[in-house]
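Subject: Structure for your review

Dear colleague,

Please find below the structure that I am handing over to you. My findings follow directly after it.

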Amino acid sequence: MDLGLTGKVVIVTGGGSGIGAAITATLAHEGAVPVVLSRSLPAGDFWTSVKALAPDAHAIALELSDDAACARAVDEVVARFGHVDGLVNNAGANDSIGLDAGPDAFRASLERNLIHYYTLAHLVVPHLRQSRGAIVNISSKTAVTGQGGTSAYTAAKGAQLALTREWAADLARDGIRVNAVIPAEAMTPLYARWLETFDDPAARREEIERRIPLGKRMTEPEELAATVAFALSPRASHTTGQWLFVDGGYTHLDRALT
């Protein structure tokens, strides 16, 4: 299926690592022009392969909590390409800021995980109105299940789901679609590093995978990226305000299956 993404300029926050890197690579495979906004510039074999597929792929190093830097980045993208066709709000990490951390830590976590979702959407929407583009917010199953010990991250992820519905309603008249993609247990480098904190990482991974109904395995980043690409594409032309769980049934299916 041709997703119709050829030549589409898509901004991907945190697009140089983990799920974001898979999204960037998938967009390049589909003929889109990914623009990575992240703290450090992507490099190595990953970026070489992206540039081989999408020679116009671009990257800008910035702190996403810096509103002025975000505004400059969007201006740079528009000056360079003349249009923006999509935004993938992806950057963030579970920082384990719980009830004992205090309000200052909570606010700082929201800056890292939530506020820039709004900032980038605010900056990009005027350009998406011209292109009738799309937004995809990457959330987390913790938004609907809770996790314990991570109040700030779950607050951010829940807000992202609420904003997905709010923006879909707000922007429907402009033909801009807004959807969320929700991973549960996805094997990223960050997740792998978390597993290494256990005495027996292999046993811990096996324990988690036993609870995933479909295939008894973790979700691959590329599987999440494929859903993101579809949600951005004209093939999803009448899909908006949706929370798309890509999790092997982990969040919703009966635990008797596991």
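Ala192 is part of helix 7. Its relative accessible area is 30%, so Ala192 is partly exposed. Along the chain, Ala192 and Val35 are 157 residues apart, and their C-alpha atoms are separated by 26 Å. Please note that this is a predicted model, and that the values below should be read accordingly.

Two helix pairs

The helix pair formed by helix 1 (residues 18-29) and helix 2 (residues 44-53) packs at an angle of about 25°, and the two axes are 8 Å apart. Angles under 35 degrees count as roughly parallel, and helix 1 and helix 2 are therefore roughly parallel to each other. Their crossing is left-handed. On the side of helix 1, the residues that meet helix 2 are Ala21, Thr24, Ala25, Ala28 and His29. Helix 2 contributes Phe46, Trp47, Val50 and Leu53. Sorted by class, this contact of helix 1 with helix 2 comprises seven nonpolar and two polar residues, with no charged residues.

Helix 3 (residues 67-81) and helix 4 (residues 103-131) form another packed pair, with an angle of about 25° and axes 10 Å apart. Helix 3 and helix 4 are therefore likewise roughly parallel to each other. The crossing of helix 3 and helix 4 is right-handed, whereas that of helix 1 and helix 2 is left-handed. From helix 3, the contact involves Asp67, Cys70, Ala71, Val74 and Val78. From helix 4, it involves Thr119, Leu120, Leu123, Val124 and His127. By class, the contact of helix 3 with helix 4 has seven nonpolar residues, two polar residues and one charged residue.

Salt bridges

How many salt bridges does the structure hold? The count is ten, and three of these pairs are described here. As general background, side chains of opposite charge can pair when their charged atoms come close.

Within helix 4, Arg107 and Asp104 are three residues apart, so about one helical turn separates them. Their side chains meet in a salt bridge, at 3.4 Å from N to O. Are these two residues buried or exposed? Arg107 has 52% relative accessibility and therefore counts as exposed. Asp104, at 64% relative accessibility, also counts as exposed.

A salt bridge also forms between Lys141 and Glu185, whose closest N and O atoms are 3.6 Å apart. This pair links distant parts of the chain, with the two positions 44 residues apart in numbering. Lys141 sits in the loop between strand 5 (134-138) and helix 5 (142-145). Glu185 sits in the loop between strand 6 (177-183) and helix 7 (189-195), the helix that also holds Ala192. Both Lys141 and Glu185 are buried.

Arg211 and Glu207 form a further salt bridge, in which the closest N and O atoms are 2.8 Å apart. Salt bridges with shared partners join Arg204, Glu207 and Arg211 into one network. Arg211 counts as partly exposed because its relative accessibility is 32%. Glu207 has a relative accessible area of 27% and is therefore partly exposed.

Yours sincerely

Note on methods. Residues numbered from 1 in each chain as written. Predicted model: local features only at pLDDT ≥ 70, side-chain atom pairs only at ≥ 80, totals over all residues. Heavy atoms only, no water. Axes fitted to C-alpha atoms, helices over the stretch in contact; angles between N-to-C directions. Helix = DSSP H or I, 4+ residues; strand = E, 2+ residues; numbered from the N terminus. Parallel < 35°, antiparallel > 145°, perpendicular 65-115°, else oblique. Left-handed = near helix turned anticlockwise from the far one by under 90°. Contact = heavy atoms within 4.5 Å. Nonpolar A, V, L, I, M, F, W, Y, C, P; charged D, E, K, R; others polar. Salt bridge = Lys/Arg side-chain N within 4 Å of Asp/Glu carboxyl O. Buried < 20%, exposed > 50% of the residue type's maximum accessible area, 1.4 Å probe, protein only.
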